[in-house]
Amino acid sequence: MSEQFDAIVVGMGPGGETVAQTLMDAGRRVAVVEKELIGGECPYWACMPSKTLLRPVEARAETSRVAGVSTPALDWTMIRDYRDVIVGHLDDSSRVAAYRNDGATVVKGEGKLAGPGELSVNGDRLQARDIILSTGSRQAWPRIDGLEEVPVWTNREATNLTDIPARVLLIGGSAVGIELATFLSRMGSSVTMLERGPRLLMREVPELGERALSALGGVDVRLDCRAQVVRRDGTDTVAELDDGTSVRVDVIVLASGRIPNSDLDLKTVDVSTGPHGEVPTDDHCRVTDGLWAVGDLTGVAMFTHTAMYQGRVVADNLLGRPHTANYLGIPRVVFSEPEIAAVGLTADAARRQGFDVATSQVELPEVIHRPETYETKPRGTLGLVADRRRRTLVGVWAIAPQVGEWIHTGALAIRAQLPVDILVDGIAQFPTFNEAYYAAASALRL
Ligand SMILES: Cc1cc2nc3c(=O)[nH]c(=O)nc-3n(C[C@H](O)[C@H](O)[C@H](O)COP(=O)(O)OP(=O)(O)OC[C@H]3O[C@@H](n4cnc5c(N)ncnc54)[C@H](O)[C@@H]3O)c2cc1C
Ligand SMILES: NC(=O)c1ccc[n+]([C@@H]2O[C@H](COP(=O)([O-])OP(=O)(O)OC[C@H]3O[C@@H](n4cnc5c(N)ncnc54)[C@H](O)[C@@H]3O)[C@@H](O)[C@H]2O)c1
């Protein structure tokens with residue numbers, strides 16, 4: 001069989017779905033190729049189940065900090081049942097039917113490039129003027145002796161767990177690790193977390209790593225530490241660590257980063273992957289003539305919002321609306337308790353890029369009133385990084401309740417290259433967390 005389409009979308013996560021939907025809405029003849037579930041990692045095994053699982057423990061923690069509210073109980077069966085609803089019971093049949101109903105050709109199978117404008121799937125050839133690669137990423141497995149012989153969960157098993165394990169060894173101290181540690185520890189697991197770097201959240205400002213560590217009270221966090229050997233001992237798993245100690249757990253959970261799914265026979269179109277396995281793209285998300293890539297596969301910033309943004313960029317370019325990707329101001333939120341968020345550059349990265357850097361840091365209970373009206377033990381920190389010469393923000397970081405929402409003021413300021421003077425002259429609703437931008441911007445003393 002050889003069929004001709006306007007576009008073939010390979011991989012139907014958030015990035016692929018955005019391109020496919022927009023092209024179909026514009027009347028293009030689209031084939032979508034997906035080897036597992038239409039929707040990708042995010043709705044079934046990543047963002048959606050993880051945030052659904054975190055919300056009950058967050059709500060419970062919040063009540064313990066509010067005057068006059070009794071702390072509610074957590075009911076794992078009900079939490080699990082709701083998670084199962086959110087992940088659609090891992091069944092994409094209604095999504096498949098909706099795409100077919102909207103006119104797409106849906107092919108379930110693993111796609112590989114077979115030359116310019118050609119994709120091979122299930123032994124068939126599909127042809128199109130444009131092919132969009134959106135095959136996402138998968139868990140990176142650390143090199144640890146014995147890891148194949150013990151029970152190991154990736155994000156998939158961890159977000160779709162049916163029982164709360166009593167003892168967990170989490171490997172990796174970044175977004176996935178911190179979110180899973182928050183959930184598991186507050187559901188009663190005894191959690192040990194290993195981070196090979198000297199702090200948590202290695203890509204963020206050191207202050208965030210330190211505060212994230214305090215927020216994870218109750219989790220045994222080992223920094224500068226790796227597992228060397230793991231082995232089975234009866235029904236236990238024993239991990240020998242390079243700090244000379246060992247831990248005995250029920251399961252090892254990987255949170256050690258992700259690698260792009262770029263095993264796509266790219267050589268048939270003369271394309272090589274980058275140093276981390278990513279597919280290189282230009283600023284229109286084009287790989288080469290008639291070939292495009294979006295999402296985790298591109299290695300730009302492994303978030304659903306980035307994948308969907310790149311999907312919009314590609315769809316626009318294919319529909320004759322030239323669109324250059326602009327990656328300024330992509331927010332990075334860790335849904336811990338309290339939330340952690342950052343956008344733009346750290347102070348060190350800004351200096352390396354040649355900015356004349358000014359920084360400020362404010363403790364929210366000292367500068368605004370929302371923290372004390374929000375909870376009895378008010379907390380939160382906001383930090384800014386500015387370019388003194390242009391008088392604009394280049395970075396924002398914070399740890400505080402609801403910062404996943406109010407980080408967007410900083411994200412917009414960075415993206416729009418808004419003068420800091422406008423933040424200093426701003427009028428935010430009283431009493432909200434957003435008011436902190438006024439204090440932190442003033443403290444920059446530009
Ligand atoms: C635990 C966890 C929590 C997360 N939480 C968040 C969050 O809260 N917010 C956020 O923004 N991001 C979050 N992320 C990141 C987010 O999940 C990804 O950035 C996002 O899913 C990337 O979308 P994508 O379209 O690039 O690819 P994916 O969602 O990975 O989808 C790719 C699809 O391509 C398919 N595929 C792969 N190879 C082929 C092939 N050869 N042929 C056909 N199909 C193929 C796959 O089966 C998959 O369905 C989280 C990640 C993890 C692991
Ligand atoms: N809320 C969100 O938006 C959200 C949530 C989860 C994940 N994500 C995205 O998914 C991607 C993957 O996240 P992640 O946290 O898995 O990866 P990551 O790459 O951000 O961090 C992996 C961490 O594991 C550590 N590590 C690696 N191997 C190790 C080893 N052998 N021993 C000890 N430590 C080790 C690394 O030093 C690093 O700190 C990220 O890009 C992240 O942004 C986003």
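Domain bounds in this predicted model come from an automatic or database domain assignment.

**Figure 1. The second largest pocket lies between domain 1 and domain 3.** Domain 1 (2-39 + 92-138 + 259-318) and domain 3 (331-442) both contribute residues to the lining of this pocket, which therefore lies between them. The volume of the second largest pocket is about 250 Å³. Its lining comprises 14 residues, of which His305, Gly329, Ile330, Pro331 and Arg415 are the closest to the centre. Helix 9 (304-318) and helix 13 are the elements that give two or more residues to the lining. By residue class, the lining of the second largest pocket consists of seven nonpolar, five polar and two charged residues.

**Figure 2. Five strands form an open antiparallel sheet.** The order of the strands across the sheet is 19-20-23-22-21. Strand 19 (332-334) and strand 21 (357-363) occupy the edges; each has a single partner strand, so one side of each is left without a neighbour in the sheet. From one strand to the next, the twist averages 10°. Helix 13 (residues 403-415) packs on this sheet and touches strand 19, strand 20 (339-344), strand 22 and strand 23 (392-400). The direction of helix 13 makes about 10° with that of strand 20.

**Figure 3. Strand 21 pairs with strand 22 at one edge of the sheet.** The two strands run antiparallel and are joined by seven bridges, with strand 22 covering residues 381-387. Within this pairing, Ala358 stands opposite Ala386 of strand 22. Strands of a sheet pair through backbone hydrogen bonds, either parallel or antiparallel.

**Figure 4. The largest cavity is lined in part by strand 20 and strand 23.** The structure holds two cavities of 30 Å³ or more, and the largest has a volume of about 40 Å³. Strand 20 and strand 23 each supply at least two residues of its lining. The residues around the largest cavity are Glu204, Val205, Arg332, Ala342, Val343, Gly344, Leu345, Thr346, Val385, Gly395, Val396 and Trp397. They divide into seven nonpolar, three polar and two charged.

**Figure 5. The second largest cavity draws its lining from domain 2 and domain 3.** Each of domain 2 (147-256) and domain 3 (331-442) provides at least three lining residues. The volume of the second largest cavity is about 30 Å³. Helix 7 (175-186) and helix 8 (206-215) each supply at least two residues of the lining, and the largest share, three residues, comes from helix 7. The lining of the second largest cavity is formed by Ile178, Thr182, Arg186, Ala212, Ala215, Leu216, Ser336, Glu337 and Ile340. Among these residues, five are nonpolar, two polar and two charged.

**Figure 6. Strand 6 pairs with strand 5 in the antiparallel sense and with strand 18 in the parallel sense.** Four bridges connect strand 5 (residues 118-121) with strand 6 (residues 124-133). At the hairpin of these two strands, Val121 has Asp124 in strand 6 as its bridge partner. Two residues lie between the strands of the hairpin, where Asn122 takes a positive phi near 50°. Strand 6 is also joined to strand 18 (residues 291-293) by three bridges. In this parallel pairing, the bridge partner of Ile132 is Trp292 of strand 18.

Key
Residues numbered from 1 in each chain as written. Chains lettered and ligands numbered in written order. Predicted model: local features only at pLDDT ≥ 70, side-chain atom pairs only at ≥ 80, totals over all residues. Heavy atoms only, no water. Pairing = 2+ DSSP bridges. Axes fitted to C-alpha atoms, helices over the stretch in contact; angles between N-to-C directions. Contact = heavy atoms within 4.5 Å. 1 Å grid on protein atoms, 1.4 Å probe; cavity = no way out; pocket = protein on both sides within 12 Å on 5 of 7 lines; lining within 4 Å. Points joined across faces, edges and corners; volume = space filled by probe spheres on them. Nonpolar A, V, L, I, M, F, W, Y, C, P; charged D, E, K, R; others polar.
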